[in-house]
Number of protein chains: 2
Amino acid sequence: MKSKDELKEGIIIRATLQLIFREGLAGLKMSDIAKQASIAVGTLYIYFKNKEDLLNHLFLHFKRESMTQLAQKIDFSLPFKVNFKQLWFNYLTYAIDNPEQATLLEQLHCSPYLRPEVIEETDKLLQPIREMLNEGKRQMLIKNIDNELILAFLSGSINLIARRFSENDRKLSPEQREQTFEMTWDAVRA
Amino acid sequence: MKSKDELKEGIIIRATLQLIFREGLAGLKMSDIAKQASIAVGTLYIYFKNKEDLLNHLFLHFKRESMTQLAQKIDFSLPFKVNFKQLWFNYLTYAIDNPEQATLLEQLHCSPYLRPEVIEETDKLLQPIREMLNEGKRQMLIKNIDNELILAFLSGSINLIARRFSENDRKLSPEQREQTFEMTWDAVRA
DNA sequence: AAGTTAAGTGAATAAATATTCATTTCCAAA
DNA sequence: TTTGGAAATGAATATTTATTCACTTAACTT
């Protein structure tokens, strides 16, 4: 018998991601996804129960992917600022190289498709970062401000910068990335 | 003869705004808008040619409204930092009190509905702010960083904070607003 | 190499949603 | 107080888009 192509699920997810980035969730059609993925519409329903199911998988997939990227090269034996900077650069780099992802999460977050439990699950992934911020406060290195406020400040600024500077001819230079980190560090440091 | 209710256009726009905030653009139905505005579906088509037309008006309406808010109490004879702070607080306050607006612009910005010329037109509205930033740089008060980068940093952070802290029981306290401004000022100041 | 089973297809169908329009309601001028 | 005309209505219709399914194709088994 013919075996399920393991790659295909990924192809579908990536095709969907690109379409949402370009056209927004509101314009997303199953037939367009199929075309973008170079498969038949019916095939979509072999890999996903329906559109809602596909979008929930999509959301979880990229949340996990971004969190994996985020944790790269973090080593808690190193000084706080080193880790903070690494974390921030990981996020920025991921966001710039994958600008679709931020748009996606944005658009899905308030949509009739996303199931609430999926949102909750993804929020838990941030826990280690919250603990890192606590550590920074304990060492009096960063301002004593509510974690959620700091997180919103950090991710809000990075996300928008990444969106605005993700096209190839506008991508941030290494200098600009350093400048932006300087702004961020000045913002949070005690 | 019966005269057109001038208020109704505003009611429709506000109803639409709320629905997009709650359910996202993807879930937006003309019938829901009608219900939310307590009018019949047909009436929508008296005030707007069709859904696309309605959404373009919506976008322009709130862009202009937010810009008007932004310019409140700005007085170029006052010192740069005073104006900067005023501007920032205007934006934050507007964003917190009208969290729907940010979601709306976000969702519409990449959607098949919005016409490109409408996007362009709204970008022009930012021109005075860019000039203000230039003035700050001339006076060596803020870092010499690309305006678009600073703007993205500022609006990204404010937008996300406003979204996260817009529910009544989580709204930012005056202290938290000051703290957040402190972060912002530390970020941009030279 | 014939048989078996699941993947893949896309036209056909179902479901959701935008838009129209025949009718009714309301206002203002005559 | 009548009446002309625009506003308002919402069931009916048109359109768009998700989903199904009868059929074809491909890979594995005996």
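Hi everyone, I'll talk about the protein surface at DNA strand D and then a helix pair in chain B.

A word on the setup: this is a predicted model, where local features need pLDDT of at least 70 and side-chain atom pairs count only at pLDDT 80 or more, while totals for chains, interfaces and linings use all residues. Residues are numbered from 1 along each chain as written, chains are lettered from A and ligands numbered from 1 in written order, and side-chain values use heavy atoms, leaving out hydrogens and water.

So, the DNA. Strand D is surrounded by 21 residues, counting a residue as near if one of its heavy atoms lies within 4 Å. Among the closest are A:Met30, A:Lys51 and B:Met1. Of the strand D atoms that come within 4 Å of the protein, 68% belong to sugar and phosphate.

Which side chain has an N or O atom 2.7 Å from a phosphate oxygen of strand D? That's A:Lys51. For B:Tyr47, a polar side-chain atom is 2.8 Å from a phosphate oxygen of strand D.

Helix 3 of chain B gives the most to this surface, four residues; helices here are DSSP runs (H or I, at least four residues), numbered from the N terminus.

Now the helix pair. In chain B, the axes of helix 9 (residues 147-164) and helix 10 (residues 174-188) come within 11 Å and cross at roughly 165 degrees; axes are lines fitted to C-alpha atoms over the stretch in contact, with angles from 0 to 180 degrees between N-to-C directions. That makes helix 9 of chain B roughly antiparallel to helix 10 of chain B, the word for angles over 145 degrees.

Thanks, folks!

Notes:
A polar contact is a pair of N or O atoms within 3.5 Å; within protein, one must be able to donate a hydrogen and the other to accept it, and residues adjacent in sequence count only if both atoms are side-chain atoms. Helices (H or I, at least four residues) and strands (E, at least two) are DSSP runs, numbered from the N terminus. Angles under 35 degrees count as roughly parallel, over 145 as roughly antiparallel, 65 to 115 as roughly perpendicular and the rest as oblique.
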